Amino acid sequence: PFVWSCGQGYKLSILAWGNHVYATATASDGTEQTIEWQDRDSPYLNGQIGLSTWHGSHTRFTSVYLRYI
């Protein structure tokens, strides 16, 4: 599992390609964790993104960049 620390900055990179999603979280020390999943039942093949935090947590997004590939 990815070990995170409160107050630490992380870079989250997400690639969505068809019904596959690849996500990589990278810490400032270069440590990274990548996960991959595939939605075979009912994938969203186009649409929008959403950023949120659950259960009263606090998250700061300092930069959001989207690129169509």
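Here is a chat about a predicted model of a protein and its three strands.

Colleague: Before I get excited, what kind of model is this?

Modeller: This is a predicted model, so read everything below as computed from predicted coordinates.

Colleague: Fine. How many helices and strands are there in the protein?

Modeller: There are 0 helices and 3 strands. From the N terminus on, the order reads β-β-β.

Colleague: And what box do the C-alpha atoms fill?

Modeller: Roughly 35 × 25 × 25 Å, along the principal axes.

Colleague: Let's do the sheet. What order do the strands have in it?

Modeller: The order is β1-β2-β3, in an open sheet with antiparallel pairing. The edge strands are β1, residues 10–17, and β3, residues 32–38, and each of them pairs on one side only. On average, neighbouring strands of this sheet are turned by 10° against each other, if you ignore direction.

Colleague: How many bridges join β1 to β2?

Modeller: There are 8, and the two strands run antiparallel, with β2 covering residues 20–27. As for who faces whom, I14 stands opposite A23 in β2, L15 has Y22 as its bridge partner, and W17 sits opposite H20.

Colleague: What about the turn there? Which residue takes a positive phi in the hairpin of β1 and β2?

Modeller: That's G18, with phi near 65°. This hairpin has 2 residues between the strands.

Colleague: OK, other side of β2. How many bridges pair β2 and β3?

Modeller: 7 bridges, again in the antiparallel sense. Y22 turns up here too: its bridge partner in β3 is E36. So along with L15 in β1, Y22 has E36 as a partner in β3.

Colleague: And the hairpin of β2 and β3, how many residues lie between the strands?

Modeller: 4 residues, and G30 takes a positive phi near 95° in that hairpin.

Colleague: Those are glycines. Which residue other than glycine has a positive phi?

Modeller: H55 is one, with phi near 55°. Most residues other than glycine have a negative phi. H55 is found in the segment after β3.

Colleague: Is H55 buried or exposed?

Modeller: Exposed: the cut-off is over 50% relative accessible area, and H55 has 76%.

Colleague: Switching to burial. Why would you say β1 lies largely in the open?

Modeller: Because the number buried among the 8 residues of β1 is 0. Buried here means under 20% relative accessible area.

Colleague: What share of the protein's residues is buried?

Modeller: Buried residues make up 7% of the 69 residues.

Colleague: And what area does the protein expose?

Modeller: About 6800 Å², with carbon and sulfur atoms supplying 53% of it.

Colleague: What about contacts across the sequence, what share joins residues at least 24 apart?

Modeller: That share is 17%, counted among contacts between residues at least 6 apart in sequence.

Colleague: Last one, charges. How many positive and negative ones, and how far apart are their mean positions?

Modeller: There are 4 positive and 5 negative charges, and their mean positions are 10 Å apart.

Terms used. Residues numbered from 1 in each chain as written. Predicted model: local features only at pLDDT ≥ 70, side-chain atom pairs only at ≥ 80, totals over all residues. Heavy atoms only, no water. Buried < 20%, exposed > 50% of the residue type's maximum accessible area, 1.4 Å probe, protein only. Contact = heavy atoms within 4.5 Å. Areas by Shrake-Rupley, 256 points an atom, 1.4 Å probe, with all protein chains shown as cover. Lys, Arg positive; Asp, Glu negative; His and termini not counted. Charge placed at Lys NZ, Arg CZ, Asp CG, Glu CD. Pairing = 2+ DSSP bridges. Axes fitted to C-alpha atoms, helices over the stretch in contact; angles between N-to-C directions.
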